[in-house]
Amino acid sequence: VVVRGWSNQGLRDELYIQLCRQTTENFRYDSLERGWELMAICLAFFPPTPRFHTYLEGYICRHMDPLNDTKGVAISSYAKYCYRKLMKAALTGAKKGLQKPSLEEIHHARNAIFSPSMFGSSLEEVMALQKERYPDRQLPWVQTRLSEEVLGLNGDQTEGIFRVPGDIDEVNALKLQVDQWKIPTGLEDPHIPASLLKLWYRELEDPLIPHEFYEECISSYDNPEAAVNVVLGLPHINKLVLCYLIRFLQ
């Protein structure tokens, strides 16, 4: 179903319509849960068309209240996850690349419903994810590890680093590995970890410099002292991550 929806844009709205039907007044609770699960997985790979987006958004929002939970089916949790994926998919579009969604990617999307990914989460969530594994780290493991990998592959001597994209299917494969706390040995092209690192920054749920600092940033562009004051005023984790990024780019 996921592969068909990803491959054939004309099927997407029909698929989401059927999933809305399956999850409406369905008193077979195993079927109800599978409907929400499949909707969550599909939204990880492709959005509906803009024409159907508003309806699907409204449908999902109506199920985000925990009062909708029934007979052990966490409908509100599925709905909140679906809402986040729908908003993101509306901005980024369907999964990029020539290769169709793999079974491993689909399993990963399914697990991510209740086990958050390091990609697309907030900085606070990323730090919470690594707390047990790396309790003493002040910075996100994914940020520092990918940065080290770029440098280890001589990315600082590579023309077009962060401008030339890495092979999208290789980047997707590395993303799966990183979400399992692994960096495979044998990487040769620094554009692969560089593209994934850029993706991690771009997909943060809230921008590294939060929206409320936007006007101050724009008005301080030619005033170094004011710009530094903006950085000093950021939340602690944002400030650490930004300073690491600046040092890395230097």
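Q: Where is Pro-47 found?
A: This is a predicted model, in which local features need pLDDT of at least 70, side-chain atom pairs count only at pLDDT 80 or more, and totals for chains, interfaces and linings use all residues. Residues are numbered from 1 along each chain as its sequence is written, and side-chain values use heavy atoms, with hydrogens and water left out. Helices are DSSP runs (H or I, at least four residues; strands are E, at least two), numbered from the N terminus. Pro-47 sits in the loop between α3 (29-43) and α4 (50-61).

Q: Is Pro-47 buried or exposed?
A: Buried means under 20% relative accessible area, exposed over 50%, partly exposed in between (1.4 Å probe, protein chains only). Pro-47 has a relative accessible area of 13%, so Pro-47 is buried.

Q: Which residues is Pro-47 in contact with, leaving aside its neighbours within four places in sequence?
A: Contact means heavy atoms within 4.5 Å. By that test the partners are Arg-12, Tyr-16, Ala-89, Ala-90, Gly-93 and Ala-94.

Q: Which element gives the largest share of the largest nonpolar core?
A: A nonpolar core is a set of buried Ala, Val, Leu, Ile, Met, Phe, Trp, Tyr and Cys residues joined through side-chain atoms within 4.5 Å. The largest one has 34 residues, and Leu-146 and Trp-200 are among those touching the most other members. Elements giving two or more residues include α8 (141-152) and α10 (191-203). The largest share, seven residues, comes from α10.

Q: How many residues are in the second, separate core?
A: Its members include Val-2, Leu-15, Leu-32 and Leu-86. The count for this second core is 31 residues.
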